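The following paragraphs explain how charged side chains pair in this structure and how its ligand is held. Please view the sequence and the model together while reading.

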Amino acid sequence: MQVKGPDPEFIQNTFSSIASNYDQANEAITMGMVGSWRKALIESANAKPGMSVLDCATGTGDLAIEFAKVVGPNGKVIGSDFCKEMLACAPEKAKKLNLEIQFEWADATDLPYEDNTFDIVSIGYGIRNVSDPVKALSEMARALKPGGKLVVLETGDTRNPVLQPMINLYFKWIVPRIGGWIGGNRKAYEYLNQSSGKFPSRKDFLKLMEATALLEDLSYKSLMGGASFIYSAKKPLQA
Ligand SMILES: C[S@@+](CC[C@H](N)C(=O)[O-])C[C@H]1O[C@@H](n2cnc3c(N)ncnc32)[C@H](O)[C@@H]1O
C-alpha cells in the first residue's frame, strides 16, 4: 500500500522556518490542549519506569520529554527528527527539567536503530508530514521489541455535526493567522491545515498500520470529538 506524503525537502524547510516559535504557536493553536493529548498518548502506550522509548519526528522534543518523566532514570528515551532546527530546541528544554534524553538526527523512513530495540515507539503530529508513511510505520515497527507498542498522535477529521463547521472554520481562518503572528510563517500553517484535511484518519489510518504486516491489535480513539486521534498497535511476540 502506497500513500504519498509531502516532499521531504519542503518539510525540512517548512519546519526549519517555524522552529524557533513552534512551541508557542502550537500552544496557542491548540488552546493549551496539546499537553493533555500527549499525556493521553503516553497513557495509551502504557509507559512504565525503566522502559526504552523512541520518539520519532520529535521536533522540539515535548513528547520525548513527557516520556522521560514517566520512564525515569532507569529508562531510556531517544528523540529523533530530520529537521535540525526543530531538534536544536529540544536539549535545553530537557536539561532545564533535569531529564536525560538522547536527541539525534534520523529520518523516520530509514531509522538507524537495530531491530527489536524499544519497548515503545511513538510519533506525535509527525506521520502526516512524512514522505512515505507506511515505510516510516514499518521502520518504527521493525525497531520495536516483540510485544512492544507503537503509538501515533495525529490530527483528524471531526464528524460531530455541531463541532465540525466550527473546527473547520477555526483551522481554515484562524490557525494560519495565529501561525503568521506567532509562528512567523502563515504559509507553513496553511500547509499544516491542508495536510491535516487530506491525511487518512480513523479506520483508514489503521489500514496504513496494517500494511506494514508487522503489527497487531490495531485500535484508535478520538480526542475532543476528532480534533486529534491516538492510534496504537502491538508488535506480535512471535513473528
Ligand atoms: C508538526 S511537527 C511535530 C513535532 C513534535 N512531535 C510535536 O508533537 O510537537 C512534525 C515533525 O515531523 C518531522 N518529520 C517529518 N518527516 C520526517 C521524517 N521523514 N523523519 C524525521 N522527522 C520528520 C518534522 O521535521 C517536524 O519536526
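**Salt bridges, ligand shell and surface**

Glu 190 and Arg 186 stand four residues apart in helix H9 (residues 186-198), which means that about one helical turn separates them. In this predicted model, the two side chains form a salt bridge whose closest N and O atoms are 3.4 Å apart. Neither partner is buried, because a buried residue must have under 20% relative accessible area: Glu 190 is partly exposed at 25%, and Arg 186 is partly exposed at 37%.

Glu 190 also takes part in a second pairing, a salt bridge with Lys 187 at 3.8 Å, N to O. Lys 187 and Glu 190 both belong to helix H9 and are three residues apart, again about one turn of the helix. Lys 187 is exposed, with a relative accessible area of 64%. Glu 190 is thus bridged to Arg 186 and to Lys 187.

In general terms, side chains of opposite charge can pair when their charged atoms come close. The model contains 14 salt bridges when a side-chain nitrogen of Lys or Arg must lie within 4 Å of a carboxyl oxygen of Asp or Glu. Another of these joins Asp 115 and Arg 142, with an N to O distance of 2.7 Å. This pair links distant parts of the chain, 27 residues apart: Asp 115 sits in the loop between strand S3 (102-105) and strand S4 (118-124), while Arg 142 lies in helix H7 (residues 133-143).

The two partners of that bridge fall into separate accessibility classes. Asp 115 has a relative accessible area of 47% and is partly exposed, whereas Arg 142, at 19%, counts as buried because the cut-off for that class is under 20%. The side chain of Arg 142 has a further polar partner: one of its polar atoms lies 2.7 Å from the backbone oxygen of Tyr 113. Elsewhere, Asp 23, Arg 38, Asp 62 and Lys 93 are linked in a network of salt bridges.

Attention now turns to the ligand. Its surroundings comprise 19 residues, of which Tyr 22, Ala 57, Asp 81, Ala 108 and Gly 124 come nearest. By class, this shell has eleven nonpolar, five polar and three charged residues. Helix H1 (8-18) and helix H2 (22-29) each contribute at least two residues to the shell.

Several polar atoms of the protein approach the ligand. An oxygen atom of the ligand lies 2.7 Å from a polar side-chain atom of Tyr 22. Backbone atoms contribute as well: a polar one of Phe 82 is 3.3 Å from a nitrogen atom of the ligand, and a polar one of Gly 124 is 2.8 Å from a nitrogen atom of the ligand. Taken alone, the ligand exposes 600 Å², and the protein buries 98% of that area.

The last feature concerns the surface. Leu 169, Trp 173 and Ile 174 make a nonpolar surface patch of about 300 Å². Leu 169 is located in helix H8 (residues 163-183).

Terms used. Residues numbered from 1 in each chain as written. Predicted model: local features only at pLDDT ≥ 70, side-chain atom pairs only at ≥ 80, totals over all residues. Heavy atoms only, no water. Patch = residues over 30% accessible without salt bridge, like charges linked within 9 Å, V, L, I, M, F, W, Y side chains within 5 Å. Areas by Shrake-Rupley, 256 points an atom, 1.4 Å probe, with all protein chains shown as cover. Near = heavy atom within 4 Å. Polar contact = N/O pair within 3.5 Å; in protein donor to acceptor, adjacent residues only side chain to side chain. Nonpolar A, V, L, I, M, F, W, Y, C, P; charged D, E, K, R; others polar. Buried < 20%, exposed > 50% of the residue type's maximum accessible area, 1.4 Å probe, protein only.
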